[in-house]
Amino acid sequence: MSEGAISPVQSNLLASLDALRTDFARRFEAATTEQVLREENAKILGKKGELTQILKQMGSVPGDQRKAIGERVNTLRKEVEDAFAARLAAIARAKREADLHAPPFDLTLPAREALPLGHRHPITRMREDLVTIFRSLGFAVHDGPDVDLEENNFTKLGFPPDHPAIDEQDSFWTTSGHVLRTHTSNVQVHAMMGQKPPFAFIAPGTCYRRDDDVTHSPMFHQIEGFLVDEKVTLTQLRGVLSEFAARLYGEGTKVRFRASYFPFVEPGAEVDVQCVFCKQPDGTNKGCNVCKHSGWIEILGCGMIDPRVFEACGIDSERYTGFAFGMGIERVAMLRYGIPDIRLLFENDPRFLAQF
Ligand code: PHE
């Protein structure tokens, strides 16, 4: 090919080829990621790429020149392809090097955001804490049925057949004279029928009543406690319950006993603890809705077991005396955690439960 025979079209083509030849290596070198490199490659070899455009103009090159120019185009294409492949490999190598020199990744480390762990329901926790306290005071755990004969829930405990408390408390009856127990006191009957004193038991369990408001739920939990032996006194009952309150709510928690009536104890009392919702730093209470402005919240009923209960259960009431108490687990939990509405404990809203 002689210089003089070159047409303007050819010289344009040759100029474009030269420009590309001096340019492509630098352009590939400047690409530091695979994506940029591929884009750059497409600008040259793609459908509308610079080299493709040059190829398209080959038609206007005179036949005798075509072969020579065609060879130059093909050589350049080969160079571009090789440079592309080499640069692609270099980028992959560099990435691998960078990964290898990055700070080590320890697969055995615990995940930074730990999976949220569940936990026991506040009532379960409360029950376990109460059981622990009474066990440490020497009480053993006794079980009893949720569905029981009317006789064990009421009659043997001294409720006369048409006692108004039966109407107030009973919820579900079956046709066979069974009732969903209204308190855990039925366990006193089962225990006394089954063994001879001395014994000291607690009995946690579910109870059912016709009740539904801020502090009462139709299904709730109690812990019954009873101790029977020769010469058991009211003073011992007070001692056990005062010690219980101190262990549960802290030394110095005020407790008061109010005379009250339950058919199965004589004398009977209700025990109140200081309301935590309106307790002031100086130890006094200013009164609030939860304690109905009294400064006290009732947590349990108690008393000396009535001799008629002993007799109904086959225990010698001349020889033995004993005390019993029954406390609402929800009540105690509400006081301990400052829960103003008992229903929160049964709605199972995770926003509430997560706070325990
Ligand atoms: N069973 C009574 C109640 O449900 C509580 C109680 C238990 C009272 C033992 C005295 C003795 O309210």
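# Pockets, a ligand and some unusual backbone spots

An N or O atom in the side chain of arginine 209 sits 2.6 Å from an oxygen atom of the ligand. This is a predicted model. Arginine 209 is also one of the residues nearest the centre of the largest pocket, so let's start with the ligand and then look at the pockets and the backbone.**Around the ligand**

- The ligand has 14 residues around it, and the closest are His183, Ser185, Arg209, Gln222 and Gly326.
- Histidine 183 brings a polar side-chain atom to 3.0 Å from a nitrogen atom of the ligand.
- Glutamine 222 places a polar side-chain atom 3.0 Å from an oxygen atom of the ligand.
- On its own the ligand would expose 330 Å², and the protein buries 92% of that.

**The largest pocket**

- How big is the largest pocket? Its volume is about 860 Å³.
- Its lining is made up of 37 residues, and those nearest the centre are Gln169, Arg209, Gln222, Phe262 and Glu298.
- Two or more lining residues come from each of these elements: helix 7 (164-169), strand 5 (219-229), strand 7 (265-274), strand 8 (296-305), strand 9 (321-328) and helix 11 (329-337).
- Strand 8 gives the largest share of that lining, with six residues.
- Sorted by class, the lining of the largest pocket holds 15 nonpolar, 14 polar and eight charged residues.
- Two names turn up in both topics so far: Arg209 and Gln222 are among the closest residues to the ligand, and both are listed among those nearest the centre of the largest pocket.

**The second largest pocket**

- The second largest pocket holds about 260 Å³ of space.
- It is lined by 16 residues, with Val290, Trp296, Ile297, Glu298 and Arg331 nearest its centre.
- Strand 6 (255-260), strand 8 and helix 11 each give two or more residues to this lining.
- The class count here is seven nonpolar, three polar and six charged residues.
- Glu298 is worth finding in the 3D view: it is listed nearest the centre of the largest pocket and also nearest the centre of the second largest pocket.

**Backbone spots to look at**

- As background, most peptide bonds are trans, and most residues other than glycine have a negative phi.
- Where does a cis peptide bond join two prolines? Proline 197 and proline 198 are linked that way, with omega of about 5 degrees.
- Proline 198 belongs to the loop between helix 8 (186-194) and strand 4 (199-208).
- Another cis bond runs from glutamate 266 to proline 267, where omega is near -5 degrees.
- Proline 267 is part of strand 7, an element that also gives two or more residues to the lining of the largest pocket.
- Lysine 231 is not a glycine, yet its phi is positive, at about 60 degrees.
- You'll find lysine 231 in the loop between strand 5 and helix 9 (234-249).
- Is lysine 231 buried or exposed? With a relative accessible area of 70%, lysine 231 counts as exposed.
- Asparagine 348 isn't a glycine either, and its phi is positive too, at about 55 degrees.
- The loop between helix 12 (344-347) and helix 13 (350-353) is home to asparagine 348.
- Asparagine 348 is partly exposed, with a relative accessible area of 47%.

How values were computed
Residues are numbered from 1 along each chain as its sequence is written. This is a predicted model: local features need pLDDT of at least 70, side-chain atom pairs count only at pLDDT 80 or more; totals for chains, interfaces and linings use all residues. Side-chain values use heavy atoms; hydrogens and water are left out. On a 1 Å grid over the protein atoms alone, a cavity is a set of points where a 1.4 Å probe fits but cannot get out, and a pocket is an open set with protein on both sides within 12 Å along at least five of seven lines; lining residues have an atom within 4 Å of a point. Grid points are joined across faces, edges and corners, and a volume is the space filled by probe spheres set on the points. Helices (H or I, at least four residues) and strands (E, at least two) are DSSP runs, numbered from the N terminus. Ala, Val, Leu, Ile, Met, Phe, Trp, Tyr, Cys and Pro count as nonpolar, Asp, Glu, Lys and Arg as charged, and the others, Gly among them, as polar. Buried means under 20% relative accessible area, exposed over 50%, partly exposed in between (1.4 Å probe, protein chains only). A residue is near a molecule or strand if one of its heavy atoms lies within 4 Å of it. A polar contact is a pair of N or O atoms within 3.5 Å; within protein, one must be able to donate a hydrogen and the other to accept it, and residues adjacent in sequence count only if both atoms are side-chain atoms. Accessible areas come from the Shrake-Rupley method with a 1.4 Å probe; for residues, only the protein chains shown count as cover.
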